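Dear colleague,

I am passing on the structure we spoke about, with some notes to read beside it. Please look through the model first and then compare it with what I have written below.

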Amino acid sequence: MGNFGPAEMLVIAIFALLVFGPRRFPEIARSVGKAVREFKKATSEFTQELSLEVDEPVNGARKKTPESEGKELRPGPRD
């Protein structure tokens, strides 16, 4: 499943026009457009929130504390 190109969208639009008729087609097209926008918005918000949650511990580990000032942070031995 990939992206839809202009040709695929045209075929879908013609099929929808034949099935639903010229009166209901604009209403359905608006509804589909609104649903796609809401989905993209939700996906973007989820990605942003996930990115913040993942990056937060890494950024917190890099903060300097009074004890660590002047010392290099080196990874410890791995168990």
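What follows is a short account of the fold, the surface and the pocket.

Please keep in mind that this is a predicted model. The secondary structure of the protein chain comes to 1 helix and 0 strands, and helix H1 covers residues 6-61. Of the 79 residues in the chain, 5% count as buried, while the chain as a whole exposes about 8,000 Å², of which carbon and sulfur atoms supply 61%.

On the surface there is a nonpolar patch formed by Leu10, Ile14, Phe15, Leu18, Val19 and Phe20, which together have about 650 Å² of accessible area. One of these residues, Leu18, lies in helix H1, and Leu18 counts as exposed because its relative accessibility of 69% is over the 50% cut-off.

As for the pockets, the largest has a volume of about 360 Å³. Its lining is made up of Phe4, Met9, Ile12, Ala13, Ala16, Phe25, Ile28, Ala29, Val32, Gly33 and Val36. Sorted by class, that lining has 10 nonpolar residues and 1 polar residue, with no charged residues; the polar one is Gly33, because Gly is counted among the polar residues.

With best wishes

Technical notes. Residues are numbered from 1 along each chain as its sequence is written. This is a predicted model: local features need pLDDT of at least 70, side-chain atom pairs count only at pLDDT 80 or more; totals for chains, interfaces and linings use all residues. Side-chain values use heavy atoms; hydrogens and water are left out. Patches are made of residues with over 30% relative accessible area and no salt bridge: like charges are joined within 9 Å, nonpolar side chains (Val, Leu, Ile, Met, Phe, Trp, Tyr) within 5 Å. Accessible areas come from the Shrake-Rupley method with a 1.4 Å probe; for residues, only the protein chains shown count as cover. A salt bridge is a side-chain nitrogen of Lys or Arg within 4 Å of a carboxyl oxygen of Asp or Glu. Helices (H or I, at least four residues) and strands (E, at least two) are DSSP runs, numbered from the N terminus. Buried means under 20% relative accessible area, exposed over 50%, partly exposed in between (1.4 Å probe, protein chains only). On a 1 Å grid over the protein atoms alone, a cavity is a set of points where a 1.4 Å probe fits but cannot get out, and a pocket is an open set with protein on both sides within 12 Å along at least five of seven lines; lining residues have an atom within 4 Å of a point. Grid points are joined across faces, edges and corners, and a volume is the space filled by probe spheres set on the points.
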